[in-house]
Amino acid sequence: MNQLNFTHQSILRFITEMATEFGAVDQMTVVPINLDALASEVELPSNDFVGMQNFAMYSANDGSALSAASAMIVCATYNDANNMLLMSRLNVIFEMLQPGSVIPYYDNNNQRVGELKMMGTTRLMPVIKNSQVAMQGITFQAAIQSVN
């Protein structure tokens, strides 16, 4: 099994689903983006976005029978007075990434083959803001629980 690839694409699918949901609810364009793939900040979209950053994986060890992954899910809003829209979106993601929660784990054929079970501490990072955009991330760790 290709755990690295499956885990990476499962988290990317999660941010894509979040971006789609937020766009539908707020009737605006929200872009999913792999922030690890950008060379610089000038490549950031000019629309609100949900991104993945700092993707990492850890192999199973003596203390854990499962491999694990960690990442930061970043939300960004433009021209958001008092960051209220940002907070609303972060709240949804923060709740979904609480320890014990799961997100689907997919293979290359887009078939669900397990889940990523949140563990450890889910952490809301400090906001980064300039005159137009506010960005804030949520870090998490998840155990890979495959059905195969």
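## Strand β7, its partners, and the spaces in the model

Strand β7, spanning residues 133–146, is mostly covered, with 10 of its 14 residues buried. The model described here is a predicted one.

### Strand pairing

Strand β7 pairs with strand β3 (residues 68–78) in the antiparallel sense, and 11 bridges link the two. Within this pairing, valine 74 has glycine 137 of β7 as its bridge partner. Strand β7 also runs antiparallel to β5, to which 8 bridges join it. There, methionine 118 stands opposite alanine 142 of β7. A further antiparallel pairing, over 2 bridges, connects β7 with strand β6 (residues 128–129). Isoleucine 128 has methionine 135 in β7 as its bridge partner, and a hairpin of 3 residues leads from β6 to β7.

Strand β3 has another partner in addition to β7: strand β2 pairs with β3 in the antiparallel sense over 8 bridges. In that pairing, methionine 57 is matched with alanine 69 of β3. Strand β2 (residues 48–58) is in turn joined to strand β1 (residues 30–34) by 5 bridges, and these two strands run parallel. Valine 30 has aspartate 48 of β2 as its bridge partner.

The pairings are set out below, each with a residue pair where one is given.

| Strands | Sense | Bridges | Residue pair |
|---|---|---|---|
| β3 and β7 | antiparallel | 11 bridges | valine 74 and glycine 137 |
| β5 and β7 | antiparallel | 8 bridges | methionine 118 and alanine 142 |
| β6 and β7 | antiparallel | 2 bridges | isoleucine 128 and methionine 135 |
| β2 and β3 | antiparallel | 8 bridges | methionine 57 and alanine 69 |
| β1 and β2 | parallel | 5 bridges | valine 30 and aspartate 48 |

Serine 146 belongs to strand β7. This residue counts as partly exposed because its relative accessibility is 27%, which lies between the 20% limit for buried and the 50% limit for exposed residues. Serine 146 is separated from asparagine 82 by 64 residues in sequence and by 41 Å in space, C-alpha to C-alpha.

### The largest pocket

The largest pocket holds about 270 Å³ of space. Its lining comprises 14 residues, of which Leu35, Gln53, Val74, Ile128 and Met135 are the closest to the centre. The elements that contribute two or more residues to this lining are β3 and β7, and β7 gives the most, with 3 residues. By class, the lining divides into 9 nonpolar, 4 polar and 1 charged. Several of the central lining residues recur in the strand pairings: Val74 is the bridge partner of glycine 137, while Ile128 and Met135 are bridge partners of each other.

### The largest cavity

The model contains 1 cavity of 30 Å³ or more, and the volume of the largest cavity is about 30 Å³. Its lining consists of Ser10, Arg13, Phe14, Glu17, Ile103, Pro104 and Tyr106. Helix α1 (3–26) and strand β4 (102–106) are the elements that give two or more residues to this lining, and α1 gives the most, with 4 residues. The lining has 4 nonpolar, 1 polar and 2 charged residues.

### Two residues associated with the cavity lining

Serine 10, one of the residues lining the largest cavity, is found in helix α1. Is serine 10 buried or exposed? It counts as buried, because its relative accessibility is 1%, under the 20% cut-off. A polar atom of the serine 10 side chain lies 2.7 Å from the backbone oxygen of phenylalanine 6. Leaving aside residues up to four places away in sequence, serine 10 touches Pro104, Tyr105, Tyr106 and Leu116. Of these contacts, Pro104 and Tyr106 also belong to the cavity lining.

Arginine 13 is likewise part of the cavity lining, and its side chain makes a polar contact of 2.4 Å with the side chain of asparagine 110. Asparagine 110 is placed in the loop between β4 and β5 (112–124). With a relative accessible area of 47%, asparagine 110 is partly exposed, since the value does not pass the 50% required for exposed. Asparagine 110 and valine 92 are 18 residues apart in sequence, and their C-alpha atoms are 24 Å apart in space.

Methods: Residues numbered from 1 in each chain as written. Predicted model: local features only at pLDDT ≥ 70, side-chain atom pairs only at ≥ 80, totals over all residues. Heavy atoms only, no water. 1 Å grid on protein atoms, 1.4 Å probe; cavity = no way out; pocket = protein on both sides within 12 Å on 5 of 7 lines; lining within 4 Å. Points joined across faces, edges and corners; volume = space filled by probe spheres on them. Nonpolar A, V, L, I, M, F, W, Y, C, P; charged D, E, K, R; others polar. Buried < 20%, exposed > 50% of the residue type's maximum accessible area, 1.4 Å probe, protein only. Polar contact = N/O pair within 3.5 Å; in protein donor to acceptor, adjacent residues only side chain to side chain. Pairing = 2+ DSSP bridges. Contact = heavy atoms within 4.5 Å.
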